[in-house]
Amino acid sequence: MNVDKLREHILSYSLNNCPLGNQGFNRIILQLFGFLGHGKSSLINSCKYVLQDRERPFTEFAVSGAAQGGLTMERRSYPLTPTITIVDNRGCSTLNGFETGEIYAQLGNFIPLDMKVEWTQGFEEMLTRLEDSEVEPNFRDIIVPIFVYSVRRDVAPAEAQEINTFLTNCHNLTGIFPIVVLTHKTSGNFTKFRDLFEGMGAEEIIAVENYTAEDHTETRGRHFQFLNLMYKVLEDVDFKMQKPINPKKERAKHKTFLFSFLHTRK
Ligand SMILES: Nc1nc2c(ncn2[C@@H]2O[C@H](COP(=O)(O)OP(=O)(O)OP(=O)(O)O)[C@@H](O)[C@H]2O)c(=O)[nH]1
Ligand SMILES: [Mg+2]
């Protein structure tokens, strides 16, 4: 598909057109996560840019820019189309139990959008946070996890092991293996990271050079990267929606997983 057709497909995508209808879902959430400063906010700006009218100038919707990361502290949502919303996230400093517990709660849709991200320490504290979400439980979102990693960084074996466990858990929680987005693709060893993530079981690995305030020279190839990412997300959603799903049962399963994880995390 060429760039214009891809864009049209993404903008007009509706869950109502799935073979079994929307099955009670009304929104697709692209949930970003990853380490500090790896390009999550810039990825959002890039996706917004390629979907908007070509006449409009580049806009920094999600603020990006701290060299060491740590700039984004809240989980903020940005609508991309009437059906698709992309969600920025606080970057993790490590993928340890405290930080991943919060991410798992987000992926299971137990934490409402647009809230400050807290790394909770104790089981009790997290339970209180989750109890609040039971007041108005949300069954209507399909969450697609996206792991953002910059190929400019180096990865230690212990860190690779942590990422591996984390991606597997994200898969268990959402039924979709996280799509891996490798940023800064022209300034690092892209093939090394592609092989690494492939070895972890990643099915979609997409390398991008984000559009940023400093460099947003449009090219067809660069536009294609972000449209292709959104297209792959919709393919995952289509695959999931071919089977009958009971959103309430799904949520209950995710909750069991989350509680057992929180109970044993160190
Ligand atoms: N050249 C290049 N620069 C990038 C790319 N992605 C992000 N950057 C730059 O890297 C820096 C960090 O990017 P952000 O998008 O703020 O990263 P983040 O993951 O949101 O970081 P925090 O929210 O601060 O943890 C910014 O200066 C961006 O302009 C990329 O693909 N290529
Ligand atoms: Mg950010």
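User: What does a search of the whole structure find in the way of cavities of 30 Å³ or more?

Analyst: In this predicted model, the search finds two cavities of 30 Å³ or more. The largest has a volume of about 170 Å³, and about 40 Å³ of space lies in the second largest.

User: Why are these two spaces called cavities and not pockets?

Analyst: A cavity is a set of grid points where a 1.4 Å probe fits but cannot get out, whereas a pocket is an open set. The two spaces were found as cavities, so the probe fits in each and cannot get out.

User: What makes a residue part of the lining of the largest cavity, and which residues are closest to its centre?

Analyst: A lining residue has an atom within 4 Å of a grid point. For the largest cavity, 16 residues form the lining, and the closest to its centre are Gly108, Asn109, Asp141, Glu250 and His254. Helix α8 (247–264) gives the most, with four residues. Strand β6 (141–150) and helix α5 (157–174) each supply at least two. By class, this lining has seven nonpolar, five polar and four charged residues.

User: How do you know that four residues in the lining of the second largest cavity are charged?

Analyst: The lining consists of Tyr49, Gln52, Asp53, Arg54, Arg56, Glu218 and His223. Asp, Glu, Lys and Arg count as charged, so Asp53, Arg54, Arg56 and Glu218 belong to that class. Tyr counts as nonpolar, so Tyr49 is the one nonpolar residue. Gln52 and His223 are therefore the two polar residues.

User: What makes it correct to say that ligand 1 sits in the largest pocket?

Analyst: A molecule sits in a pocket if more than half of its atoms lie within 2 Å of the grid points of that pocket. Ligand 1 sits in the largest pocket, so more than half of the ligand's atoms meet that cut-off. The pocket has a volume of about 520 Å³. Its lining comprises 29 residues, of which Gly37, Gly39, Ser42, Ser64 and Gly65 lie nearest the centre. These 29 divide into five nonpolar, 16 polar and eight charged.

User: Which residues are closest to ligand 1, and which helix gives the largest share of the shell?

Analyst: The shell holds 21 residues, and the closest are Lys40, Ser42, Leu71, Thr72 and Asn210. Helix α2 (residues 40–51) gives the largest share of the shell, three residues. Helix α2 also gives the largest share of the pocket lining, again three residues. In the shell, four residues are nonpolar, 14 polar and three charged.

User: Why do the approaches of Lys40, Thr72 and Gly65 to ligand 1 count as polar contacts?

Analyst: A polar contact is a pair of N or O atoms within 3.5 Å. An oxygen atom of ligand 1 is 2.7 Å from an N or O atom in the side chain of Lys40. For the side chain of Thr72, the corresponding distance is 2.8 Å. A polar backbone atom of Gly65 is 3.0 Å from an oxygen atom of the ligand. Each distance falls within the cut-off, and therefore each pair counts. Taken alone, ligand 1 exposes 650 Å², and the protein buries 88% of that.

User: What makes up the lining of the second largest pocket?

Analyst: About 430 Å³ of space lies in this pocket. Its lining has 18 residues, with Gly175, Ile176, Phe239, Lys240 and Lys243 nearest the centre. Helices α7 (220–241) and α8 each supply at least two residues. The classes are seven nonpolar, three polar and eight charged. Lys counts as charged, so Lys240 and Lys243 are among the eight.

Terms used. Residues are numbered from 1 along each chain as its sequence is written. Chains are lettered from A and ligands numbered from 1 in the order in which they are written. This is a predicted model: local features need pLDDT of at least 70, side-chain atom pairs count only at pLDDT 80 or more; totals for chains, interfaces and linings use all residues. Side-chain values use heavy atoms; hydrogens and water are left out. A residue is near a molecule or strand if one of its heavy atoms lies within 4 Å of it. A polar contact is a pair of N or O atoms within 3.5 Å; within protein, one must be able to donate a hydrogen and the other to accept it, and residues adjacent in sequence count only if both atoms are side-chain atoms. Accessible areas come from the Shrake-Rupley method with a 1.4 Å probe; for residues, only the protein chains shown count as cover. On a 1 Å grid over the protein atoms alone, a cavity is a set of points where a 1.4 Å probe fits but cannot get out, and a pocket is an open set with protein on both sides within 12 Å along at least five of seven lines; lining residues have an atom within 4 Å of a point. Grid points are joined across faces, edges and corners, and a volume is the space filled by probe spheres set on the points.
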